[in-house]
Amino acid sequence: MSQRNIIITGGAGFIGSHVVRLFVNNYPHYNIINVDKLTYAGNLANLKDIEDRPNYKFKRLDICDFEDLYQLFQDENIDGVIHLAAESHVDRSIKDPFTFAKTNVMGTLSLLQAAKLYWESRPEGYEGKLFYHISTDEVYGALGFDDTLFTEETKYDPHSPYSASKASSDHFVRAYHDTYGMPTIVTNCSNNYGPYQFPEKLIPLFINNIRTRKPLPVYGNGENIRDWLYVEDHARAIETIFHRGKIADTYNIGGCNEWRNIDLIKVIIATVDRLLGNPEGHSIDLITYVTDRPGHDARYAIDASKLRRELDWQPSLQFEEGIERTVRWYLENEEWMENIISKEYIKYYDEMYGNR
Ligand code: NAD
Ligand code: TYD
């Protein structure tokens with residue numbers, strides 16, 4: 001097997017940490033360089049189990065810092081990029097769209113440009129190189145409450161500043177292929193869940209609020225639908241596509257697992273109550289309907305048949321098992337959660353790497 005030098009951006013975040021772990025464990029002959037700014041969402045505790053591996057390196061870097069990125073490509077002779085670093089929370093994007101444009105659009109552009117300049121300077125050019133961009137199904141907009149699905153041909157129609165910024169970054173990635181011939185792949189995935197997700201997102205937030213007996217804020221009438229995929233299944237899809245995906249292609253990744261928010265919330269409540277030994281229905285009164293998210297997309301659902309057909313990937317975990325594993329993990333890792341809520345981890349990184 002050939003040796004490779006791969007940058008994984010956003011490796012200290014939720015999905016990125018699972019991708020880094022999988023590559024470090026499965027490919028000892030690859031050098032994995034985790035490039036992460038360590039924003040509020042980045043937490044190196046997510047990678048404790050692999051941080052001392054000889055094929056793993058962490059580099060604290062803002063993807064908007066083009067010069068530093070270009071230097072890193074040269075120092076490490078980078079031949080592959082798996083790009084996950086992003087601002088990722090819709091609610092934050094509504095309050096602070098500039099940060100989303102900066103990181104998701106300009107950050108992606110500076111990463112593309114660093115890859116372009118470095119790869120074009122090599123005698124072999126783009127041969128054996130890959131820029132793999134991780135995106136979201138939210139770029140496709142919202143579906144109605146029927147049986148339609150997002151396919152790779154669905155027209156982009158983003159509604160939130162988050163999805164607009166991700167859509168823009170997807171366009172830049174494709175433009176680098178079409179204009180400069182850079183080998184690129186884009187994948188668009190549905191909602192992920194599992195261990196190490198920052199507790200601003202629905203599932204970890206609600207597990208923690210049930211544990212600490214806080215209200216569960218349900219936006220609007222709770223009837224919005226999301227398609228949920230266990231994060232390790234997403235990481236496996238990324239592994240497959242990185243190695244066998246077709247250059248310049250797009251793949252949708254999804255769980256084939258649609259839930260109305262309110263039904264999902266009831267499953268979470270029942271699972272947490274059962275695992276904590278509470279009587280059935282104990283936490284149901286924590287449900288609190290609140291003002292809807294502005295522009296709240298009604299329904300997301302992915303048609304992942306192309307990925308199944310062409311690369312033989314499909315989700316491995318049943319939802320019941322995935323949610324049980326996930327709830328257990330958060331309940332057994334209270335310290336991880338408390339550390340985030342107290343913001344201790346941010347102080348620690350600022351002392352260690354300097355405040356950026
Ligand atoms: P996350 O918010 O948990 O992690 C993002 C990571 O990026 C953090 O470690 C953060 O420190 C880092 N980062 C942010 N800005 C940076 C910058 N300027 N420079 C360097 N690093 C920076 O996000 P996530 O949920 O793991 O999502 C990862 C990627 O997958 C994103 O691109 C997101 O759009 C995409 N995605 C997420 C989901 C989901 O359900 N979470 C679904 C589909 C696609
Ligand atoms: P979220 O986890 O923020 O992911 P996304 O907005 O990217 O799909 O939210 C998932 C769904 O849950 C979404 O329909 C919004 C809803 N939601 C709530 O009802 N209450 C909450 O507190 C949060 C965070 C989300």
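Which helices and strands each supply at least two residues of the shell around ligand 1? This tour of a predicted model begins with that ligand and then follows the elements around it.

**Stop 1: ligand 1**

Select ligand 1 and display the residues around it. The shell holds 29 residues, and the closest are Ile-15, Asp-36, Ser-88, Tyr-162 and Lys-166. The elements that each give at least two residues to this shell are helix H1 (14–26), strand E5, helix H5 and strand E7 (191–193). Strand E5 provides the largest share, three residues. By character, the shell is made up of 13 nonpolar, 11 polar and five charged residues.

Next, display the polar atoms. A polar backbone atom of Thr-39 is 3.0 Å from an oxygen atom of ligand 1. A polar backbone atom of Asn-192 is 2.8 Å from an oxygen atom of the ligand. At Thr-103 the side chain takes part: one of its N or O atoms is 3.3 Å from a nitrogen atom of ligand 1. On its own, ligand 1 has 840 Å² of accessible area, of which the protein covers 97%.

**Stop 2: strand E5**

Now select residues 130–136, which form strand E5. Why is this strand described as largely enclosed by the rest of the structure? The reason is that seven of its seven residues are buried.

In a regular strand, side chains alternate between the two faces of the sheet. Colour the two sides of E5 separately to examine them. One side carries Leu-130, Tyr-132, Ile-134 and Thr-136, the other carries Phe-131, His-133 and Ser-135, and all of these residues are buried.

Extend the selection to the strands paired with E5. Strand E4 (residues 80–83) runs parallel to E5 and is joined to it by four bridges; within this pair, Gly-80 stands opposite Leu-130. Strand E6 (residues 184–189) also runs parallel to E5, with six bridges between them. Here Phe-131 of E5 stands opposite Thr-184 of E6.

**Stop 3: Ser-165 in helix H5**

Move to helix H5, which spans residues 161–180, and select Ser-165 within it. Is Ser-165 buried or exposed? Ser-165 is buried, because its relative accessible area is 5%, and a residue counts as buried when that value is under 20%.

Display the side chain of Ser-165 together with the backbone of Tyr-162. A polar side-chain atom of Ser-165 lies 2.7 Å from the backbone oxygen of Tyr-162. Tyr-162 has already appeared on this tour, as one of the closest residues to ligand 1. Apart from neighbours within four places in sequence, Ser-165 is in contact with Phe-100, Ala-101, Asn-104 and Val-105.

**Stop 4: ligand 2**

Finally, select ligand 2 and the residues around it. There are 18 such residues, and those that come nearest are Glu-138, Pro-217, Arg-226, Arg-293 and His-296. The shell divides into eight nonpolar, five polar and five charged residues.

Three polar contacts may be displayed in turn. In the side chain of Glu-138, an N or O atom is 2.6 Å from an oxygen atom of ligand 2. For Arg-226, a polar side-chain atom lies 2.7 Å from an oxygen atom of the ligand. At Leu-202, a polar backbone atom is 3.0 Å from an oxygen atom of ligand 2. Taken alone, ligand 2 exposes 510 Å², and the protein buries 96% of that area. To finish, highlight helix H6 (202–211) and strand E8 (216–219), the elements that give two or more residues to the shell around ligand 2.

Terms used
Residues are numbered from 1 along each chain as its sequence is written. Chains are lettered from A and ligands numbered from 1 in the order in which they are written. This is a predicted model: local features need pLDDT of at least 70, side-chain atom pairs count only at pLDDT 80 or more; totals for chains, interfaces and linings use all residues. Side-chain values use heavy atoms; hydrogens and water are left out. A residue is near a molecule or strand if one of its heavy atoms lies within 4 Å of it. A polar contact is a pair of N or O atoms within 3.5 Å; within protein, one must be able to donate a hydrogen and the other to accept it, and residues adjacent in sequence count only if both atoms are side-chain atoms. Accessible areas come from the Shrake-Rupley method with a 1.4 Å probe; for residues, only the protein chains shown count as cover. Ala, Val, Leu, Ile, Met, Phe, Trp, Tyr, Cys and Pro count as nonpolar, Asp, Glu, Lys and Arg as charged, and the others, Gly among them, as polar. Buried means under 20% relative accessible area, exposed over 50%, partly exposed in between (1.4 Å probe, protein chains only). Contact means heavy atoms within 4.5 Å. Two strands pair if DSSP finds at least two bridges between them.
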